[in-house]
Amino acid sequence: MKVIRTEGLTKRFGRITAVDGVGLDVREGDVFGFLGANGSGKTTTVRMLLGLVLPTSGTVEVLGEPMPARRASVLPQVGALVEGPAAPPHLSGRRHLALLDAAGPGSRRTGRAGRVDDALEQVGLGGVDRRPVRTYSLGMRQRLGLAAALMRRPRLLVLDEPTNGLDPAGIQEIRRLLLDLNAAGTTVLVSSHLLSEIERTCTRVGVLHAGRLVLQDDLASVCGPTGLLVVDTPDPHLAARLLVGRVEAVDGERLLVRDQDAASVNAALVGAGVPVRSLHAQRRSLEDVVLDATSRQAIA
Amino acid sequence: MIRVELVSLLRSRRTWATIALVDALPVIVAVLLAVTDLGPRPGTGPAFLSAVLTDGTLYPLAALAIVLPLFLPIAVAVFAGEAIAGEAQQGTLRYLLLRPVGRTHLLIAKLVGVMAFVVLTVLVVAATAYLLGIGLLGHQSVTASAPGTASVSGTSLSTPELVARTFAALGYAMLCMLGVASVALFASTLVRSPLAAAMGALALLVGSTLLLTLDAADPLKPYLLTRYWLAFVDLFRDPILWHDLVRGVLLQLGYVVVFLGAAWANFATKDISD
């Protein structure tokens, strides 16, 4: 099932085209990494998915229903963190979540305190006291924003920079939380500048550049092996002679070898008395993929 | 959302501080009058003020006439100006809409909140003024012969009549504030800064008050926001002078319809990008 599907999604602000014919495709169970530089139209796209910004043209479907027409039935199943968390500074985190819950439709008063506690517990704010949000650190605010998104156990999470302001331990904690939620069936769309974070958590990626979707694919296929092996040896000359015809490049003590079979290459080298420090299949990093996709677009 | 808005209003220290400030002016006036026994001469100063030294039960009306031209509308403009723009500035507007609270529903909830503030303020001012009136100010009725209070026209009003007309006057004042609230709410959907929204509504208020003093603005006067605000005095004439009151009600309703309509039209289709 398609969880998010847009066709020809376009937004113009006056003469500026912020989002230009984007066709997003997020499937159930995905952790979808939404990438793009500042000003590439990411946030505007996310806001259009959620019915905050109205598209100039194109269609949006979320959880199988058209947006923003059906936002009353779609949004209760969506949890979102858009451009940073926000809460009234004079309220405690607990009170803010309770009021936000009470403000919307279909919220029962019974069990509300429990739901608030659960959400706070999930994001590691279980021990939070009555202090007002004004006194929270950036990381605590971020966690509170995540708690607000998780309150109603959404089927879809839309998170903009969810690890902003968190320390490395916090980032790891939130990453684990997202993966757990995803394993339990929640589809996640996460936008981030931290490519390493996306690379670790996402199953699919979409790259936005100057308002256009320049890449959308499974992470495994875009960051797959390049068909080259990286051989690290103190004797690159001997190794190059043995593997003649297959060596793509020599860089100091590193060789790039066009071969899929690491085991046989290793056996051949070691058998011939070439000491091998390490040998592994070369993979494209997400950074290479993103830079490649955006620069290709820039030339075209 | 409406319930949340009302709870937030009642629990906010700012609400009560504002009410206390608005209430302070009639209190100060009452104390000054009681201490000095110097009322304004009949026909000068705020309405009813010349009469309260003899009849304290009229003081709620005098208090209303004191706060209605400036104090109360400023407070209303600030509260209503903050309604949408304040949430936007704080960043909570997008999360309310994502909760999801419908946009029309949110506007209604905010308007209800502002009007709850108005009702609360007017009632607190009237109640304090009543207590001060009977406690500090004059006790005897102007017309000693008949029990009851003198109307502005000099004839006597029975107590039930006075009470009914006083509440009608309070209601009229609330309607006037609904006009201000509508203008400020529209401004609040228009700009990002709550201060700017309040200033916008205040500009209209001040402009209207100023133009009313200008003879050259005569053709405009029947349409100015504040033109009939003090017409509630006419409720205490005998017989009641309906002309200005009716015009006042219609004019305020006109402002409410136009500006709430504009607020709705703007907000319902607005891109929320803050």
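Good morning. Helices and strands here are DSSP runs, a helix having at least four residues and a strand at least two, and both are numbered from the N terminus. The structure before you is a predicted model.

With that in place, I begin with a particular loop in chain A. Between strand 6 (65-67) and helix 2 (71-74) of chain A there is a loop, and A:P68 lies in it. The peptide bond that joins A:M67 to A:P68 is cis, with omega at about 0°. Chain B offers a second example: the bond from B:R99 to B:P100 is also cis, with omega near 0°. B:P100 belongs to the loop between helix 5 (92-98) and helix 6 (103-136) of chain B. In general, most peptide bonds are trans, and most residues other than glycine have a negative phi. On that second point, A:L63 deserves a mention, since its phi is positive, near 50°, and it is not a glycine. A:L63 sits in the loop between strand 5 (57-62) and strand 6 of chain A.

I turn now to the sheets of chain A. Strands of a sheet pair through backbone hydrogen bonds, either parallel or antiparallel. How do the strands of the six-stranded sheet follow one another? The order is 7-8-9-4-10-11, the sheet is open, and the pairing is mixed. At its edges are strand 7 (78-81) and strand 11 (212-218) of chain A, each of which pairs on one side only. From one strand to the next, the twist averages 15°.

Within this sheet, strand 4 (residues 31-36) and strand 9 (residues 187-191) of chain A run parallel and are joined by four bridges. To locate that pairing in the model, one may look for A:F34, whose bridge partner in strand 9 of chain A is A:S191. Helix 1 (residues 42-49) of chain A lies across strand 4, strand 8 (156-160), strand 9 and strand 10 (204-209), and runs at about 140° to strand 4 of chain A.

Helix 1 also takes part in a salt bridge. A:R47 pairs with A:E83, and their closest N and O atoms are 2.7 Å apart. What does this pair tie together? A:R47 is in helix 1 of chain A, while A:E83 is in the loop between strand 7 and helix 3 (93-103) of chain A, so the salt bridge links parts that are 36 residues apart in sequence. Over all chains, the structure holds 28 salt bridges.

The next sheet is also in chain A. Four strands, in the order 13-14-12-15, form an open sheet with antiparallel pairing. Strand 13 (247-251) and strand 15 of chain A are its edge strands, each pairing on one side only. On average, neighbouring strands of this sheet are turned by 25° against each other, direction ignored.

Strand 12 (residues 225-232) of chain A has two partners that I shall describe in turn. With strand 15 (residues 278-283) of chain A, strand 12 runs antiparallel and shares five bridges. Here A:P225 stands opposite A:R283, and A:V231 has A:L279 as its bridge partner. With strand 14 (residues 254-258) of chain A, strand 12 again runs antiparallel, through five bridges. In that pairing A:V230 stands opposite A:L256. Helix 10 (residues 262-271) of chain A lies across strand 12 and strand 15, running at about 150° to strand 15 of chain A.

I move to chain B and a pair of helices. Two packed helices are described by the angle between their axes and the distance between the axes. The axes of helix 4 (residues 71-90) and helix 8 (residues 194-211) of chain B come within 7 Å and cross at roughly 150°. The crossing of these helices of chain B is right-handed. Among the residues that meet are B:G81, B:E82 and B:A85 from helix 4 of chain B, and B:A198, B:A201 and B:L205 from helix 8 of chain B. The residues of this contact divide into 11 nonpolar, three polar and one charged.

Finally, I come to the interface between the chains. Here 34 residues of chain A are in contact with 25 residues of chain B. Together the two chains bury about 2300 Å², of which 55% is on carbon and sulfur atoms. Which three residues of chain A supply more of its buried area than any other three? They are A:L52, A:A86 and A:A103, which supply 23% of the area that chain A buries against chain B. Between chain A and chain B there are two salt bridges. The side chains of A:K11 and B:D271 meet in a salt bridge, at 2.6 Å from N to O.

Thank you for your attention.

Note on methods:
Residues numbered from 1 in each chain as written. Chains lettered and ligands numbered in written order. Predicted model: local features only at pLDDT ≥ 70, side-chain atom pairs only at ≥ 80, totals over all residues. Heavy atoms only, no water. Axes fitted to C-alpha atoms, helices over the stretch in contact; angles between N-to-C directions. Left-handed = near helix turned anticlockwise from the far one by under 90°. Contact = heavy atoms within 4.5 Å. Nonpolar A, V, L, I, M, F, W, Y, C, P; charged D, E, K, R; others polar. Pairing = 2+ DSSP bridges. Buried area = accessible area lost by both parts, 1.4 Å probe. Salt bridge = Lys/Arg side-chain N within 4 Å of Asp/Glu carboxyl O.
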